[in-house]
Amino acid sequence: MTDETIEILPAIYNEMPVVLKTRDGREIKYIRPDEVRNMLSFLEGRDKVFVDLLWNTGARVSEALMVTPGRIDFERSTITITTLKKRKTLPPKGKALRNEIRGLELALEHDAGSKIIQRKLDQAREMLSQIKKEPPPPSYRTMPLQPEFAGKLAAYCMEMSLGAREEIFPVSRIRAYQIVQSAAEKAGIEKPRRHPHVFRHGFAVNAVTSGVPPLVLRNWMGHADIHSTLIYTEALAEDTKTYLDRMKF
């Protein structure tokens, strides 16, 4: 599931589920703290630490699987996550060609009958279609961890004698899904929410209702666009009058 436009409909998060919906009306599934605690009670060892990491970081499943002990600062209780969801981009040659195409299009608007401009435009478009987009260079985001959870990670890494560059969770994406699905089923969570990504949305809702500022949450979530983060904050069930009450005049 991708990060989609979400509306948070009026509800009190700690008393009843907040309904998340896309603008086209489809419901976005997420998980609540009490449900996570219930799921964790059915897990142990590596699987329990993995699910706990999803909940404590809001990381995408592929990002969580890449975490190594070397990416965790146990002294400061922080974790550095590789941000994977980044769009491929054109190489410099492709960007220059795209700019040339735009120039030719503008020129053709002023001289619609020019066969020379049209031929150059067709050639440039053909060349651009053959240029492959490249993945962006690796990017990382660092976020704090609850000291208690950092301690759990440290204990597990020590127990497994993991090196700084060894993956803490050397399992496939399919296995990761199976871990979540099995624990969710035992915890009585309905089938549509037996998915690792519910932890990402749940983390965001938990952060917003706890007062985490949008720019901080954006960094934690690894959103390329701030609007993806603001989705979670625009329709909180908090009366905006409370903000005015905090102001001094």
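This passage looks at the salt bridges in a predicted model. A search across the whole structure turns up 12 salt bridges, and a few of them are worth walking through by residue.

Take Glu 35 and Arg 193 to begin with. Their side chains meet in a salt bridge, at 2.7 Å from N to O. The two partners come from distant parts of the chain, 158 residues apart. Glu 35 belongs to helix α1 (residues 33–40), while Arg 193 sits in the loop between α7 (173–186) and α8 (197–209). Neither end of this pair is out in the open: both Glu 35 and Arg 193 are buried, with under 20% relative accessible area. The pair doesn't stand alone, either, since a network of salt bridges links Glu 35 and Arg 193 with Arg 32, Asp 34 and Glu 190.

Glu 63 is another residue to look at, with salt bridges to Arg 60 and to Arg 141. With Arg 60, the side-chain contact comes in at 2.6 Å, N to O, and both residues are buried. With Arg 141, the N to O value is 2.7 Å. Here Glu 63 is part of helix α3 (residues 61–65) and Arg 141 is part of strand β5 (residues 139–144), so this salt bridge ties together parts of the chain 78 residues apart in sequence. Arg 141 is buried, just as Glu 63 is.

Notes: Residues are numbered from 1 along each chain as its sequence is written. This is a predicted model: local features need pLDDT of at least 70, side-chain atom pairs count only at pLDDT 80 or more; totals for chains, interfaces and linings use all residues. Side-chain values use heavy atoms; hydrogens and water are left out. A salt bridge is a side-chain nitrogen of Lys or Arg within 4 Å of a carboxyl oxygen of Asp or Glu. Helices (H or I, at least four residues) and strands (E, at least two) are DSSP runs, numbered from the N terminus. Buried means under 20% relative accessible area, exposed over 50%, partly exposed in between (1.4 Å probe, protein chains only).
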